[in-house]
Amino acid sequence: EQVSALRVNKDRLAKDLHYSCQWGAGIRWGDGSTDTGMQRLALSDEDKKVRDWFIETTTNLKCRVTVDEMGNIFAVRPGRRKDVPATFIGSHLDTQPTGGRYDGILGVLSGIETLKVMEEMGLETEGGVGVVNWTNEEGARFPVSMVSSGVWAECIPLERAHGLKEVPTVASLSTAASAPETMKSALEKIKYLGPVPCSYKETPMAAHFELHIEQGPHLVSAGQRVGVVTAVQAYRWYHIDVIGRDTHTGTTAFQHRADALFASARMMVRAREVADSHGCLASVGIIEAKPGSINTVPGLVSFSFDIRAPETELVTIVEADLRKEFDLIAAEEGKGIGKPCRVEWRLDFDSPAVKFHQDCIECVQQSAEAVVADANVPDSKSLVRTIMSGAGHDSVFTSKRVPTSMIFIPCKDGLSHHPEEFSTAEDCATGASVVLQAVVRYDRK
Ligand code: GLV
Ligand code: MN
Ligand code: MN
Ligand code: MN
C-alpha cells in the first residue's frame with residue numbers, strides 16, 4: 001500500500017539536524033567543552049537564532065507560521081480542507097544546560113523533514129499538516145517542564161507561566177542576564193512574545209504526534225528499533241526548605257547544632273531508600289545552602305525534589321511516606337538545643353500519569369511495522385514494542401485536549417540530559433519515517 005512506502009530522506013534529516021545545532025553547540029560548563037553537547041536554554045540568544053531558522057525554513061516550505069503568547073511556533077502546510085484543524089508533529093528546540101542534540105530537537109526536525117517529503121512528492125492531505133516548537137519544554141531555565149504546552153492546554157494559567165523566574169544556577173550561564181529574567185521578559189527580549197492567545201481553542205489540532213529518543217535503556221538493550229509509546233509515568237516537582245539555625249563551625253558541638261544541610265543530606269539518602277522500596281524514583285537536582293559561608297553551619301537549605309512513578313497513586317504514597325520521614329529527621333537535628341529543624345514543602349508542578357489515544361497508537365504501530373520491514377529480518381515486527389515513557393513530554397499536555405501519541409527510537413547507552421546523548425542517523429530516519437506515515441494515516445482515518 002502507498003502509505004507504507006513513504007520514507008524520509010535520512011541524509012537530509014541528519015544534515016538539517018546538525019545544521020540547526022550550530023546554535024548552542026558545545027557545552028560551556030566549567031572546562032567541560034564537547035563537540036557533541038548542546039546548551040540552548042529556552043529563550044536564550046541561541047534559542048532565538050534556531051527559532052528564526054525554524055520560521056525561515058517552514059515559511060520557505062509554504063507554511064503559514066504563527067507565534068503565540070508563550071512563544072510557541074506553529075507552522076502549517078495547508079490541506080485540501082480549510083474547515084478542519086491540522087495534524088501536528090511537535091517537540092522542543094530548547095535543551096538542558098548539559099544537553100545533547102536529540103532530546104526534543106529530533107522531534108521538531110522530523111516534522112520539518114516530513115514537510116519536505118510532502119512538498120517534494122506533492123503529497124496532498126485532507127487537513128493541514130503542522131509542526132510546532134513548544135517553548136521551555138525542559139523546565140531547566142524556567143522551572144516548570146512542558147510549561148507552554150501546559151498553557152496551550154489551559155492546564156497552567158498564562159500569568160503563572162509568564163511570571164516564572166529563571167533558576168539562579170542556570171541564569172548564571174546565560175550570556176546577558178544581570179537581573180533574573182521572567183519568562184515574559186525573556187520572551188519580550190528575544191521578540192517571541194507572539195500576538196496569538198496561547199490556547200488549544202485559538203490554535204486547534206486534529207492530533208499531536210511526537211518523535212523522541214527513548215532516553216532510557218529498553219530499546220537499545222533489546223536491539224529493538226521503534227517504541228510505540230502508550231503511556232507516560234506520573235511526576236511531581238517540589239521546592240523543599242529545611243530550616244535550622246546558623247552557628248559557628250568552630251565552636252558549636254554537633255549536639256548543639258540545628259544543621260539544615262546535615263538534615264537535608266539524611267533526607268536525600270532516605271528518599272532514595274523509600275522510593276526504591278516502592279519501585280519509584282526520587283531525585284534532587286538543585287541545592288542551595290545559606291548563608292553559604294565556609295565557617296557557618298547552614299541555617300537554611302533549599303532543594304528541588306522530583307518524584308516519578310508509573311501510577312499517579314504511587315507518587316502520592318511516596319510523598320506521604322517521605323513527609324513523615326523528613327519530619328522525623330528534622331526533629332532529631334537541633335533537639336539538643338530545643339530548636340529542631342523544620343521542613344516545608346511547596347508543590348511546583350504535578351503531572352499525573354497519562355495514557356495516549358488508541359487511534360494515534362494504532363497509526364504509529366502500523367507505520368512502525370511498515371518501516372522496520374526494511375530491516376529484512378524474518379520477524380521484523382519484533383523490532384517494534386510498546387513502551388511507557390519515563391520522561392515528561394509536551395505530548396502529556398496535548399493529550400489532555402487532542403488525540404496524541406509518541407514514537408521512541410533507541411539512544412546510545414540509554415543516555416540523555418548529557419552531552420554524549422546519541423542516536424544513529426539511521427535510527428533517526430526510521431523514527432521520522434514512522435512519524436511521516438503516522439500523520440498521513442491519521443489524516444486518512
Ligand atoms: C520533562 O522533560 C521531564 O521528564 O523532566
Ligand atoms: Mn524532550
Ligand atoms: Mn529533556
Ligand atoms: Mn522532556
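The chain is divided into two parts: domain 1, made of residues 3-233 and 353-444, and domain 2, residues 235-351. Please bear in mind throughout that this is a predicted model. Taken over C-alpha atoms, the centres of domain 1 and domain 2 are separated by 35 Å. Where the two domains meet, domain 1 contributes 11 residues and domain 2 contributes 10 residues. On the side of domain 1 that touches domain 2, the residues comprise 6 nonpolar and 5 polar, with no charged residues.

Let me turn to an annotation. UniProt, in an unreviewed entry, carries the label "domain: Peptidase M20 dimerisation" for residues 235-327. In the model, residues 235-327 are 37% helix and 32% strand. The C-alpha atoms at the two ends of this stretch lie 22 Å apart.

Next, the ligand. Which residues surround ligand 1? They are Glu137, Glu138, Ser145, Ala391 and Gly392. Sorted by class, this shell holds 1 nonpolar, 2 polar and 2 charged residues.

I come now to a pair of helices. Two packed helices are described by the angle between their axes and by the distance between those axes. Here the pair is helix 1, residues 10-20, and helix 13, residues 425-444. Their axes come within 9 Å and cross at roughly 105°. An angle of 65 to 115 degrees counts as roughly perpendicular, and helix 1 and helix 13 are therefore roughly perpendicular to each other. Which residues of helix 1 meet helix 13? From helix 1 they are Lys10, Leu13 and Ala14, and their counterparts in helix 13 are Ala425, Glu426, Cys428, Ala429 and Ala432. By class, the contact of helix 1 with helix 13 consists of 6 nonpolar and 2 charged residues, with no polar ones.

Finally, two details of the backbone. The peptide bond that joins lysine 290 and proline 291 is cis, with omega at about 10°. Where is proline 291 found? Proline 291 sits in the loop between strand 10, residues 287-290, and strand 11, residues 296-297. The other detail concerns lysine 62, which is not a glycine and nevertheless has a positive phi of about 65°. Lysine 62 also belongs to a loop, the one between helix 2, residues 45-60, and strand 1, residues 64-67.

To close, I return to the division of the chain into domain 1 and domain 2, whose centres are 35 Å apart over C-alpha atoms. Thank you; I am glad to take questions.

Notes
Residues numbered from 1 in each chain as written. Chains lettered and ligands numbered in written order. Predicted model: local features only at pLDDT ≥ 70, side-chain atom pairs only at ≥ 80, totals over all residues. Near = placed C-beta within 6 Å. Nonpolar A, V, L, I, M, F, W, Y, C, P; charged D, E, K, R; others polar. Domains from an automatic or database assignment. Contact = placed C-beta atoms within 7 Å. UniProt positions renumbered as here; feature names shortened; annotations may be inferred. Helix = DSSP H or I, 4+ residues; strand = E, 2+ residues; numbered from the N terminus. Axes fitted to C-alpha atoms, helices over the stretch in contact; angles between N-to-C directions. Parallel < 35°, antiparallel > 145°, perpendicular 65-115°, else oblique.
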